[in-house]
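Subject: Structure for your review

Dear colleague,

Please find the structure below, together with its sequence. An account of what was found in it follows.

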Amino acid sequence: MFTLKLDEIPEEGLELEWKEERASLLAYLKDLSKIDFDFETSLQSEVKIKKAGRLVFISGKVQTVLRLQCVRCLKEFSYPLSTTFELTLYPSIEAPSEEETELGSEEMELNFFEGGEIHLSEIACEQVFLEIPYQPLCQEGCKGLCSICGKDLNLSACECVKEEWASGFSALNKLKLD
Ligand SMILES: [Zn+2]
Ligand SMILES: [Zn+2]
């Protein structure tokens, strides 16, 4: 994992590029995400870092290809991911008290900046984490699997579809009557 000491950042700022391999990415992200996923490529990160007084500004870009599983048809598919981000890191002393901070991005940011070190790998991983879809779909409007016979409805329809629709329809009618 890649960390940077504050003293290593010159007055004019710093530009960095690095790669993060699959194993270390998974080790970090498995704890965070409840969604099953894998990496098809390494994570490429580039950041610009600048100090301003006691604050540190970071802007950058992360890029990778994820392997996700569709929540509807359970097929695995490639998910290219590329995102830019901007962060402001505050020294821990100036961190807002716990009551003021809701568990969220701010708390994460504080963790990135400990003991005069900036945890760049964690910052990059966090950006990926934020971009993982909550309910991955192999394609927009994936028809999913039939809940009765288990057939992939993207490939062809099945006999059960009609009944399912019919029973759903009568349930709707009942609701209207009530
Ligand atoms: Zn699907
Ligand atoms: Zn079916």
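In what follows, a residue is called buried when its relative accessible area is under 20%, exposed when that area is over 50%, and partly exposed in between. By this cut-off cysteine 160, at 15% relative accessible area, is buried. Please note that this is a predicted model.

**The zinc ion (ligand 2)**

Cysteine 160 belongs to a metal site: Cys146, Cys149, Cys158 and Cys160 each give an SG atom to the zinc ion (ligand 2), at 2.2 to 2.4 Å from it. The angles among these four donor atoms are 108 to 112°, and the site is tetrahedral. Along the chain, the donor residues follow the spacing C-x2-C-x8-C-x1-C.

How accessible are the donors of this site? Cysteine 158 has a relative accessible area of 13% and is therefore buried. Cysteine 149, by contrast, is partly exposed, because its relative accessible area is 43%.

**The zinc ion (ligand 1)**

The other zinc site is also built from cysteines: the protein donors of the zinc ion (ligand 1) are the SG atoms of Cys70, Cys73, Cys138 and Cys142, and they lie 2.3 to 2.4 Å from the ion. Why is the arrangement around the zinc ion (ligand 1) called tetrahedral? It is so called because the angles that the four donor atoms subtend run from 107 to 115°. For comparison, the ideal angle for four tetrahedral donors at a metal is 109.5 degrees.

The spacing of the donors of the zinc ion (ligand 1) in sequence is C-x2-C-x64-C-x3-C. Distant parts of the chain are linked here, since cysteine 73 sits in the loop between β5 (55-69) and β6 (76-89), cysteine 138 sits in the loop between α3 (120-131) and α4 (160-177), and the two are 65 residues apart.

With respect to accessibility, cysteine 73 is buried at 7%, and cysteine 142 is buried at 4%. Cysteine 138, at 23% relative accessibility, counts as partly exposed. As regards covalent links between cysteines, the structure holds zero disulfides.

**Salt bridges**

How many salt bridges does a search of the whole structure find? The search finds five. As background, side chains of opposite charge can pair when their charged atoms come close.

One of them joins lysine 75 to aspartate 152, with the closest N and O atoms 3.8 Å apart. Lysine 75 lies in the loop between β5 and β6 and aspartate 152 in the loop between α3 and α4, so this pair ties together parts of the chain that are 77 residues apart in sequence. These are the two loops that also hold cysteine 73 and cysteine 138, respectively. Lysine 75 is partly exposed at 38% relative accessible area, whereas aspartate 152 is buried at 14%. Elsewhere, Glu40, Arg67 and Glu76 are joined into one network by salt bridges that share partners. Within that network, the closest N and O atoms of arginine 67 and glutamate 76 are 3.3 Å apart. Both residues are partly exposed, arginine 67 at 27% relative accessibility and glutamate 76 at 49%.

A further salt bridge is formed by the side chains of glutamate 117 and lysine 5, at 3.5 Å from N to O. Glutamate 117 is in strand β8 (residues 117-119) and lysine 5 in strand β1 (residues 3-5), so the pair connects parts that are 112 residues apart in sequence. Glutamate 117 is partly exposed at 24% relative accessibility, as is lysine 5 at 41%.

**The nonpolar core**

The largest nonpolar core has 33 residues, and Ile49, Ile58 and Leu120 have the most contacts inside it. Two or more residues come from each of β2 (14-20), α1 (22-29), β3 (37-39), β4 (43-52), β5, β6 and α3. Leaving out residues up to four places away in sequence, leucine 120 touches Phe2, Thr3, Leu4, Leu16, Trp18, Val47, Ile49 and Ile58.

**A buried serine**

Finally, serine 42 is found in the loop between β3 and β4. Serine 42 counts as buried because its relative accessible area is 17%. Apart from neighbours within four places in sequence, serine 42 is in contact with Lys19, Glu20, Glu21, Gln63 and Thr64.

With kind regards

Key:
Residues numbered from 1 in each chain as written. Chains lettered and ligands numbered in written order. Predicted model: local features only at pLDDT ≥ 70, side-chain atom pairs only at ≥ 80, totals over all residues. Heavy atoms only, no water. Donors = N, O, S within 2.8 Å, 3.2 Å for Na, K, Ca; no water. Tetrahedral: all angles 85-135°; square planar, octahedral: opposite > 155°, others 65-115°. Helix = DSSP H or I, 4+ residues; strand = E, 2+ residues; numbered from the N terminus. Buried < 20%, exposed > 50% of the residue type's maximum accessible area, 1.4 Å probe, protein only. Disulfide = S-S within 2.5 Å. Core = buried A, V, L, I, M, F, W, Y, C linked by side-chain atoms within 4.5 Å. Contact = heavy atoms within 4.5 Å. Salt bridge = Lys/Arg side-chain N within 4 Å of Asp/Glu carboxyl O.
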